[in-house]
Amino acid sequence: MDKKKIGLGALIMMMFTTIFGFANGPVAFERMGYAAIIWYILGALLFFLPTSMMYAEFGASFKDAKGGIYSWMERSLGKKVAFIATFIGLASWVIWMISVSQKVWIPLSTLIFGKDMTTTWSLFGLNGGQTVGVLAVLFILVVAYFVTRGVKSISRISAMGGMFVMALNVILLLASIAVLIGHGGHFAEPLKLRSFFISGSPDYQSIGQMISFALYAIFAYAGLEQMGGIMEEVDNAEKTYPKAALIATTIIGLGYAISILLWGASTNWTSLTADKSANLGNITYVLMNNLGVQLGDAFGMSHSAGLIMGSIFARFAGISMFFAYVGSFFVLTYAPLKSFILGSPKEVWPKKFIALNEHDVPAVAVWSQAILVSVLVILISFGGKSAEQLYLVLTNMGNVSSTLPYVFLVAAFPLFKRLNDVERPFIFYKNPTITWIITILVEALTIISILLTIISPFQTGDWFSGIWTVVGPIFFGVLAWVLFTLGEKKHGKL
């Protein structure tokens with residue numbers, strides 16, 4: 001009996017759940033207000049849609065390759081460049097782990113106390129940021145311990161978190177509509193044409209600063225390359241996949257745009273930016289709390305009842321994001337690492353590093369990664385910076401490291417199209433000229449937004465943020481080059 005193929009509806013849902021992140025809306029609103037909307041729409045049209053078709057062609061042609069995006073780039077760019085680019089991609093997961101290992105305590109605090117209290121926590125006389133750093137290291141080491149023992153069922157927690165997060169989207173939509181009705185159709189953040197194009201934030205006034213925000217939009221659409229390997233399971237892929245990508249692009253793009261707009265129904269952007277307790281780590285819970293308070297006000301509840309409603313909303317967001325963070329942390333602690341190690345040249349790695357234990361997990365690699373992440377967490381959290389700056393740095397670090405591999409992956413695509421010995425069961429880009437034009441446009445958007453994000457803190461004299469924003473990709477890029485060069489010296493040309 002033939003295995004049931006993935007249809008159009010199921011593929012659209014898979015794309016939506018893989019890409020759409022509830023927390024991206026609050027972050028965008030906090031950064032730029034309504035002016036973020038146009039960049040998220042441009043991100044969908046100039047990055048998400050064209051690259052999704054590239055990944056589909058890569059995935060269909062290299063469906064049996066174990067190395068993921070490394071295997072896609074190897075034939076086009078060569079083993080060394082592909083290895084370095086994929087290794088930089090690992091930097092994005094490491095930085096994601098640095099960020100989430102600290103952020104995971106915010107939803108837990110919100111769930112217990114009704115708001116983010118992490119800045120007031122103290123262990124052994126340490127301040128809030130240092131205490132969260134120590135707790136983050138404990139979390140990293142505990143997860144590594146269980147992962148090396150093959151505990152994979154924890155990913156069910158991630159699925160549970162996914163259902164909660166879907167519920168958050170429904171709550172945002174219905175509660176915002178109710179708030180608007182209760183307040184006579186008036187938005188807390190007034191709807192002015194200018195505010196949809198020019199942000200009130202001093203960080204995004206110039207053209208260059210605004211273009212740098214495109215990196216947030218690109219990051220919000222990242223991850224679809226993970227679906228490149230399912231092409232053979234899609235029913236009538238040549239027609240179904242592009243149709244699904246087009247529909248998913250529309251749904252996700254509109255979803256982000258509507259999300260950003262709806263936060264303005266309950267929250268005044270100027271008041272939000274004046275709130276010193278709000279930062280990129282807790283912004284989702286701050287906005288959810290305010291949504292509950294405003295809902296209570298819209299229905300004529302007393303102030304105390306409104307505060308209770310806000311606390312309920314914040315706690316629901318807390319439990320949702322906690323499950324999502326914990327579940328994904330377990331999976332992403334070993335999955336990208338294992339895929340890369342198995343797919344790249346084994347001569348590059350120390351033998352113990354690539355050895356799988358009885359649970360089919362590269363234990364030495366997982367522990368090495370855990371120790372590296374723990375050291376970086378301590379360095380950053382003991383850097384003496386405020387929570388607001390800490391989470392801004394972590395967000396920018398993650399954005400740069402996550403999107404940098406796409407520079408190499410997109411550059412590899414037109415070269416991949418010129419290979420003559422590759423079977424191509426799925427072809428979307430049929431015209432070489434159009435392929436090159438789209439490649440150049442996507443590359444330009446990605447590279448310029450990365451460079452502007454890196455340059456911005458140096459221009460304002462914020463060397464701490466600037467250095468930490470680029471330290472991940474540079475460190476991992478140099479480490480990859482050293483590993484590959486040593487491998488070539490020992491085994492000859494790989």
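In the predicted model, G310 is buried, with a relative accessible area of 0%, which falls in the buried class because that class covers values under 20%. This residue belongs to helix α14, which spans residues 303-343. When residues up to four places away in sequence are left aside, G310 touches M288, N289, G292 and V293. G310 and L287 are separated by 23 residues in sequence, and their C-alpha atoms lie 9.3 Å apart in space.

L287 also takes part in a contact between two other helices, since P26, V27, F29 and E30 in α2 meet I283, T284 and L287 in α13. By class, this contact of α2 with α13 has five nonpolar, one polar and one charged residues. Two packed helices are described by the angle between their axes and by the distance between those axes. For α2 and helix α13, the latter formed by residues 283-298, the angle is about 90 degrees and the axes are 9 Å apart, so that α2 is roughly perpendicular to α13.

Helix α2, made up of residues 24-32, packs also with helix α3, which runs over residues 36-61, at an angle of about 130 degrees and with the axes 9 Å apart. The two helices are therefore oblique to each other, because an angle of 65 to 115 degrees would count as roughly perpendicular and one over 145 as roughly antiparallel. On the side of α2 the contact is made by N24, A28 and M32, and on the side of α3 by A36, W39 and Y40. By class, the contact of α2 with α3 has five nonpolar residues, one polar residue and no charged residues.

Definitions and conventions:
Residues are numbered from 1 along each chain as its sequence is written. This is a predicted model: local features need pLDDT of at least 70, side-chain atom pairs count only at pLDDT 80 or more; totals for chains, interfaces and linings use all residues. Side-chain values use heavy atoms; hydrogens and water are left out. Helices (H or I, at least four residues) and strands (E, at least two) are DSSP runs, numbered from the N terminus. Buried means under 20% relative accessible area, exposed over 50%, partly exposed in between (1.4 Å probe, protein chains only). Contact means heavy atoms within 4.5 Å. Axes are lines fitted to C-alpha atoms, for helices over the stretch in contact, and angles run from 0 to 180 degrees between N-to-C directions. Angles under 35 degrees count as roughly parallel, over 145 as roughly antiparallel, 65 to 115 as roughly perpendicular and the rest as oblique. Ala, Val, Leu, Ile, Met, Phe, Trp, Tyr, Cys and Pro count as nonpolar, Asp, Glu, Lys and Arg as charged, and the others, Gly among them, as polar.
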